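Here are some short exercises to work through with the structure open beside you. Try each task yourself before you read its solution.

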Amino acid sequence: MVFRKPPDGGWGWVIVVVSFFTQFLCYGSPLAVGVLYLEWLDAFGEGKGKTAWVGSLANGIGLLASPVCSICVSSFGARPVAIFSGFMVAGGLMMSSFAPNIYFLYVSYGIVVGLGCGLLYTATVTITCQYFDKRRGLALGLISTGSSVGLFIYAALQRELIELYGLDGCLLIVGALSLNILACGSLMRPLESSSSPPPEKMCVDKVPDQYFVYHEKTVEENISILEKGYIDEKCVNNVPDCKQDSILSKNVLSSINVNEKDTYKKKVVEQTNFCKQLAKRKWQLYLTYWKETMVLFKNKVFSALFVAILLFDIGGFPPSLLMEDVARSANISEDDYYMPLISIIGIMTTVGKLILGILADFKWVNTLYLYVTTLLMTGVALFAIPFAKSYLTLAMLSGILGFLTGNWSIFPYVTTKTVGIEKLTHAYGILMFFAGLGNSLGPPIVGWFYDWTQEYDTAFYFSGFCVLLGGLLLLLAALPCWNACTNQSSKLPPNTYSYKVASNA
């Protein structure tokens, strides 16, 4: 499908606003799950690694299912998917209020809410990229701040609701707020395809052949009924003519029966051929999907990008979930708290997404190198967490990590520049699958490190090493000198060249 030229404005700004509120409503609670994490630890008495699975699944399962989410958005459109996902998020949050154990939360909060968030994220990113081209970085930065603002507000909101109504009441109220996603989704008007003909120019030739078969059969049945009624009437008025007409009617009916048999056989043959063609077409689609996937992985930048996003989420996501427990483990008094650490991460993530999104729109900024820089700085900040023993130092590190986590706003931009807008949905679904895998594994790994060592130092050394390794691999794949060496040995075009070509697509 070829979309018409992005308007870079107009209804596109409405799409930005509703996408912002959609991400605000759906990601507010899952990103601020660190507040709920402490309550679940006390309520169910499970280990930290086991309890961390709830939040990691909520933030990772939607990304793991990104290929499926991409197919759903491509098949049904952003608007229907957003409305359906709103019911999933709200229903999962309300179901979680009745959770009798941690395993119930794995399904209700982790899988149901997480899958709904994944569908909504794919829908908002895809429709925004379709409406914007020149201002795509700014638009993606604006909508991605919705989740960060949600983290900032929901961290304080959920804590206040827990004090007033308890954990169950908090989840019920948050689930009710999520129903507003339905109103946001209804405003996601799709961008029309340039190749789709207007409805009034539909031709009769495009009507399926099955319609004519059924229509022919209906006409024959109506003719037989009319002829039978006409003969019955003549038999009442004129008996001699009735015998002649009855003989004629038998001949007519016999010819009609022959036609019906032929029509039925023709219909069976057509249905059989239709099923064979449908199966063949589906198989071709699957083959085409895997061929396109293999072509994507031949690009060294794309291959390094999926490794980097996997390692980044393994190491970079746990602080947003476990920072409150890190402060409690460091014996920091609650009287020293001026603001929840999760709220600091949320507000600084908002700032980071806006600034990085604006920087991505400048022609002199290489978004790939900008993204690599954020990865390397995140790894250094994670190494510094074990040395933070006061609220002030933890707050500063939380702000730095939050700002750098804002690189999510430029990640779709980097993907688009790498593979082109035509392959965005396909490539982004694959990359989000590995991001979800990292989100799902990161917090439990950090929690298990704590359960084994009874301290977080080793866990965050491991997290910092993962993020630094991913950034260095991506930097190595994007360096011009590495591409020149590869070009001389294999005579393939360098990734830098393919990256620039994709950016001009």
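**Exercise 1: Helix α12 and its end**

Asn331, just after α12, takes a positive phi of about 60°. Keep in mind that this is a predicted model.

Task: Work out how far helix α12 (residues 318-329) is enclosed by the rest of the structure.

Solution. Step 1: Recall that a residue is buried if its relative accessible area is under 20%. Step 2: Go along α12 and pick out the buried residues, among them Pro318, Leu321, Met323, Glu324 and Val326. Step 3: Count them: 10 of the 12 residues are buried, so α12 is largely enclosed by the rest of the structure.

**Exercise 2: Two residues of one helix**

Task: Decide whether Tyr154 is buried or exposed, then do likewise for Leu164.

Solution. Step 1: Find Tyr154 in helix α7, which spans residues 136-178; Leu164 is found in α7 as well. Step 2: Tyr154 has 2% relative accessibility, so it counts as buried. Step 3: Leu164 has 56% relative accessibility and therefore counts as exposed. Step 4: Look at what surrounds Tyr154. Leaving aside residues up to four places away in sequence, Tyr154 touches Phe24, Leu25, Gly28, Ser29, Ala32, Val174 and Leu177. Step 5: Compare sequence and space: Tyr154 and Gly346 are 192 residues apart along the chain, yet their C-alpha atoms are separated by 9.5 Å. Step 6: Turn to the surface, where Leu164 joins Tyr165, Ile173 and Leu177 in a nonpolar patch of about 390 Å².

**Exercise 3: An aromatic pair**

Task: Describe how the rings of Phe383 and Tyr461 are arranged, and say which helices they link.

Solution. Step 1: A pair of aromatic rings is described by the distance of the centres and the angle of the planes. Step 2: For Phe383 and Tyr461, the centres are 6.2 Å apart and the planes make an angle of 35°. Step 3: Planes under 30 degrees apart would count as stacked and over 60 as edge-to-face, so this pair is tilted. Step 4: Phe383 lies in helix α14 and Tyr461 in helix α18, so the pair ties together parts that are 78 residues apart in sequence. Step 5: Check the accessibility: Phe383 is partly exposed at 28%, and Tyr461 is partly exposed at 33%.

**Exercise 4: Charges over rings**

Task: Which rings lie under Lys48 and Arg189?

Solution. Step 1: The charged end of Lys48 sits over the ring of Tyr450, 3.7 Å from the ring centre. Step 2: Arg189 lies over the face of Trp11, at 4.2 Å from the ring centre.

Note on methods. Residues numbered from 1 in each chain as written. Predicted model: local features only at pLDDT ≥ 70, side-chain atom pairs only at ≥ 80, totals over all residues. Heavy atoms only, no water. Helix = DSSP H or I, 4+ residues; strand = E, 2+ residues; numbered from the N terminus. Buried < 20%, exposed > 50% of the residue type's maximum accessible area, 1.4 Å probe, protein only. Contact = heavy atoms within 4.5 Å. Patch = residues over 30% accessible without salt bridge, like charges linked within 9 Å, V, L, I, M, F, W, Y side chains within 5 Å. Areas by Shrake-Rupley, 256 points an atom, 1.4 Å probe, with all protein chains shown as cover. Salt bridge = Lys/Arg side-chain N within 4 Å of Asp/Glu carboxyl O. Phe/Tyr/Trp six-rings, centres within 6.5 Å; stacked < 30°, edge-to-face > 60°. Lys NZ or Arg CZ within 6 Å of the ring centre and 35° of its normal.
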